[in-house]
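Subject: Structure for your review

Dear colleague,

Please find below the structure I am handing over to you, together with its sequence. I would be grateful if you could read the notes that follow alongside it.

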Amino acid sequence: MNDREVLKERYELVMDRVRMIFQEKFSDNTLKAYFDFCAEFLLMIDDTAAFLAEDGLRKADLEELERRNHALYADILPEHYEESYGNPAAAVRKLGADRGSLLSALYAELRSLIGFVYEGRTEELVIRMELFVEVYAAFACAEDCGDALPSGNDIRDIFYWFACDYAEMAARRRTREQLCPEACFALPLIMESDLRDIRYLYGYGEYVGENERETAAFLAGLPEETIAAMADTYTEGYRIGFEITGRDLSKKKAVALYYRLGFERMMRRAVENFAGMGLEPVAVRSAYSVLDFRGAGRGRSGFCGGIPNMQYDYDHKDDRAVFFDRNYVNRRLEAGRAAYEENRKAAAEYAGPAVVETFGEKDFHPITKKEAFQLSGEQNRLWVEYRAKAGQLQREYIPEEETSFTIIAFPVPEIGPVFKELFHEIIRINTLDYMLYRNVQQTLIDALDTADYCEVRGMNGNRTDLKINLYKLSDPARETIFENCVADVNIPVGEVFTSPVLKGTNGVLHVSRVYLRGLEYRNLAITFEDGMIRDYSCDNFSSEEENRRFIQENILARHDTLPMGEFAIGTNTAAYVAARRLGVEGKLPILIAEKMGPHFAVGDTCYSHAEEVRVYNPDGKEIVAKANEVSALRDSRPMEAYYNCHMDITIPYDELGELTAVRKDGTRIPLIREGRFVLPGCEELNNAFKS
């Protein structure tokens with residue numbers, strides 16, 4: 001019997017066992033209801049597999065495809081979530097504090113089967129179905145024998161060994177998907193579908209909501225030249241990213257596509273453009289399995305559909321706490337190395353990601369539930385360590401100095417009646433005059449290169465009061481502190497940035513309201529002392545403890561502190577004015593928002609792991625302020641040199657009182673005052689405010 005036949009037999013056996021669950025008696029009706037519900041879900045997965053095998057995607061009408069898609073996701077939609085086993089609070093209420101959270105995490109893992117069944121990954125289905133049956137069998141056996149039912153620790157042990165046993169399998173699958181074009185499940189959907197017929201959206205197995213349907217219909221109606229402008233800006237930015245850094249794109253074979261369902265018409269043109277550069281696409285599904293370290297919310301990597309329920313994502317973001325210990329970390333790192341070795345050639349030919357972000361979804365205000373898993377203090381430290389070592393491992397096979405990226409963003413229909421106007425406005429902003437911004441930004445840089453430090457102060461209730469220490473040039477005729485960033489890897493155009501000197505960088509950064517990776521922060525304040533975060537607060541929750549944990553998990557990426565890795569001045573006043581006119585400034589992603597005022601990144605510098613690569617501005621001067629006192633440890637203590645995170649926080653122009661460059665002799669050079677550029681040669685940036 002070959003491997004495929006063995007796998008088929010395992011699948012049939014586990015499904016036979018699942019079907020038997022409905023006929024079996026349980027003295028505990030609450031547990032019986034849970035196991036019956038999960039078994040029903042697995043039968044739905046089995047029915048989906050049969051539907052796909054019978055070419056159902058091609059034969060079914062739109063109504064049936066919508067019905068099937070809704071059925072797979074209905075249980076966790078907001079209108080049903082209060083009673084869902086996917087809700088840890090509901091699971092604990094129904095199943096008890098000892099078992100409820102674990103059984104909720106088990107059900108969440110079963111939900112990852114949706115993507116796997118659409119991709120035809122039978123082994124991934126089997127191992128998770130067997131996990132469920134093993135947990136069920138432990139209860140059924142105890143019931144039959146009259147023994148005490150399994151405790152939470154018993155369930156945790158089963159889950160733990162499942163994670164350990166399949167760590168290598170998960171690492172191999174995920175690595176291959178991320179690197180190998182031949183493993184690209186999404187490519188036929190992009191290139192072979194009739195994109196005028198939105199039924200193609202249901203071929204992914206992702207949640208398809210109004211945003212996805214309306215985006216696809218909207219793009220289907222755009223002129224070809226508009227689609228070309230969108231895709232060409234995106235792919236040309238990617239190519240220029242290699243060119244300006246002197247990296248050799250000709251050695252690369254694969255580009256990773258990150259996108260949201262509905263953008264396939266743009267992505268088809270992009271795939272054709274990339275083919276002209278000698279690149280084939282890889283497109284990995286955003287992670288849903290706990291073995292793939294699924295994340296929360298909109299900061300997803302890969303392709304994804306709609307998010308059926310942001311709170312569900314938030315509730316399960318730390319489910320790995322069930323098994324995440326030193327043994328697992330070591331096992332996963334070993335598996336990661338084996339996976340990279342297996343795909344060494346593909347890793348060397350990987351060029352980096354090309355990202356299409358979306359924005360405009362309804363505001364999300366997370367609720368922190370005591371029933372949801374949270375990493376312990378030790379697990380937090382292990383997670384930080386794991387990410388550092390995994391990043392180091394990746395760079396061993398995919399050196400950052402040999403790759404690049406690009407990011408572009410578009411709105412989704414959920415943003416409201418302004419959607420169509422805003423979409424066209426974003427296309428305009430993405431294609432602003434490159435030379436105009438390059439020249440104005442050079443004027444700013446020329447002034448900044450003479451400065452010892454900068455001062456930034458807020459207004460209109462903004463409490464920012466910062467002193468940012470700058471790198472000191474030894475050869476001003478040939479060197480520069482700030483990078484002149486136009487529309488290449490970071491689209492749209494519009495910023496100059498540097499890596500500040502940490503010692504002497506002090507004060508408070510404050511914003512009244514900001515969205516970072518889909519999460520809102522109210523009255524966010526971060527205090528720096530010698531460039532390191534000393535304190536932080538926000539007003540999201542009623543307790544200081546919840547506010548601090550929220551910031552520490554999501555901005556500090558679970559670190560105790562982070563350096564100020566970047567100081568930048570955004571110059572895209574056109575984007576700012578358009579956002580204010582359309583009333584969407586609070587909805588813009590950081591990619592655009594960072595161009596709309598000074599911004600500060602906490603975490604690594606923009607040159608992280610590539611400090612030795614020589615980079616030049618258009619005027620020919622070499623950018624020399626690429627490291628700081630932390631990243632300077634990269635040779636002597638590499639594990640202490642990087643934090644593997646980077647989060648930008650922008651002060652909008654209407655909260656900016658002043659930004660001044662101060663020379664060594666105390667001479668002050670005002671750059672921005674009361675939200676307007678005042679440095680001679682930069683006045684043209686203020687024209688947008690007059691429109």
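The notes below take helix packing, aromatic contacts, cysteines and one loop residue in turn.

Please keep in mind throughout that this is a predicted model.

Helix packing

I begin with helix 1 (residues 3-20) and helix 9 (residues 122-145), whose axes lie 9 Å apart and make an angle of about 35°. Their crossing is left-handed. On the helix 1 side, the contact is made by Leu7, Arg10, Tyr11, Val14, Met15, Arg17 and Val18. The residues they meet in helix 9 include Leu125, Val126, Ile127, Met129, Val133, Tyr136 and Ala140, and among them are also the charged residues Glu123 and Glu130.

Helix 7 (residues 100-110) is largely enclosed by the rest of the structure, because eleven of its eleven residues are buried. The buried residues include Ser101, Ser104 and Glu109 as well as Leu102, Leu103, Leu106 and Leu110. What surrounds helix 7 is a set of helices: its buried residues pack against helix 2 (29-53), helix 6 (88-95), helix 8 (113-118), helix 9, helix 10 (152-165) and helix 16 (310-315). Helix 9 thus appears in both descriptions, as a partner of helix 1 and as one of the helices against which helix 7 packs.

Aromatic contacts

The structure contains 48 aromatic pairs. One of them joins Tyr204 and Phe303; with ring centres 5.4 Å apart and planes at 50°, this pair is tilted. The two residues are 99 positions apart in the chain: Tyr204 belongs to the loop between helix 12 (187-192) and helix 13 (210-220), while Phe303 is in strand 3 (residues 303-304). Tyr204 is buried, at 0% relative accessible area, and Phe303 is likewise buried, at 0%.

A second pair, Phe263 with Phe423, is stacked, with 6.4 Å from centre to centre and 20° between the planes. This pair also links distant parts of the chain, 160 residues apart: Phe263 lies in the loop between strand 1 (254-260) and helix 15 (264-276), and Phe423 in helix 20 (residues 419-430). Both Phe263 and Phe423 are buried.

Phe26, Tyr34, Phe35, Phe37, Phe41, Tyr85, Tyr107, Phe132, Tyr136 and Phe139 form one aromatic cluster. Of its members, Tyr107 is one of the buried residues of helix 7, and Tyr136 is one of the helix 9 residues that meet helix 1.

Two rings carry a charged group over the face. Lys467 lies over Tyr453, 4.5 Å from the ring centre. The charged end of Arg548 is placed over the ring of Tyr536, 4.3 Å from its centre.

Cysteines

The number of disulfides is zero. For Cys38, the closest cysteine sulfur is that of Cys141, and at 20 Å it is too far away for a bond. Cys38 counts as buried because its relative accessibility is 0%. Cys304 is also in no disulfide, the nearest cysteine sulfur being that of Cys184, 15 Å away. Cys304 is buried, with a relative accessible area of 11%.

A loop residue

Finally, Asn644 is located in the loop between helix 25 (638-641) and strand 17 (646-650). Asn644 counts as buried because its relative accessibility, 18%, falls under the 20% limit. Leaving aside residues up to four places away in sequence, Asn644 touches Arg387, Ala388, Arg395, Asp604 and His609.

With kind regards

Methods:
Residues are numbered from 1 along each chain as its sequence is written. This is a predicted model: local features need pLDDT of at least 70, side-chain atom pairs count only at pLDDT 80 or more; totals for chains, interfaces and linings use all residues. Side-chain values use heavy atoms; hydrogens and water are left out. Helices (H or I, at least four residues) and strands (E, at least two) are DSSP runs, numbered from the N terminus. Buried means under 20% relative accessible area, exposed over 50%, partly exposed in between (1.4 Å probe, protein chains only). Contact means heavy atoms within 4.5 Å. A disulfide is a pair of cysteine sulfur atoms within 2.5 Å. Rings of Phe, Tyr and Trp (its six-membered ring) pair if their centres lie within 6.5 Å; planes under 30 degrees apart count as stacked, over 60 as edge-to-face and the rest as tilted. A charge sits over a ring if NZ of Lys or CZ of Arg is within 6 Å of the ring centre and within 35 degrees of the ring normal. Axes are lines fitted to C-alpha atoms, for helices over the stretch in contact, and angles run from 0 to 180 degrees between N-to-C directions. A crossing is left-handed if the near helix is turned anticlockwise from the far one by less than a right angle, and right-handed if clockwise.
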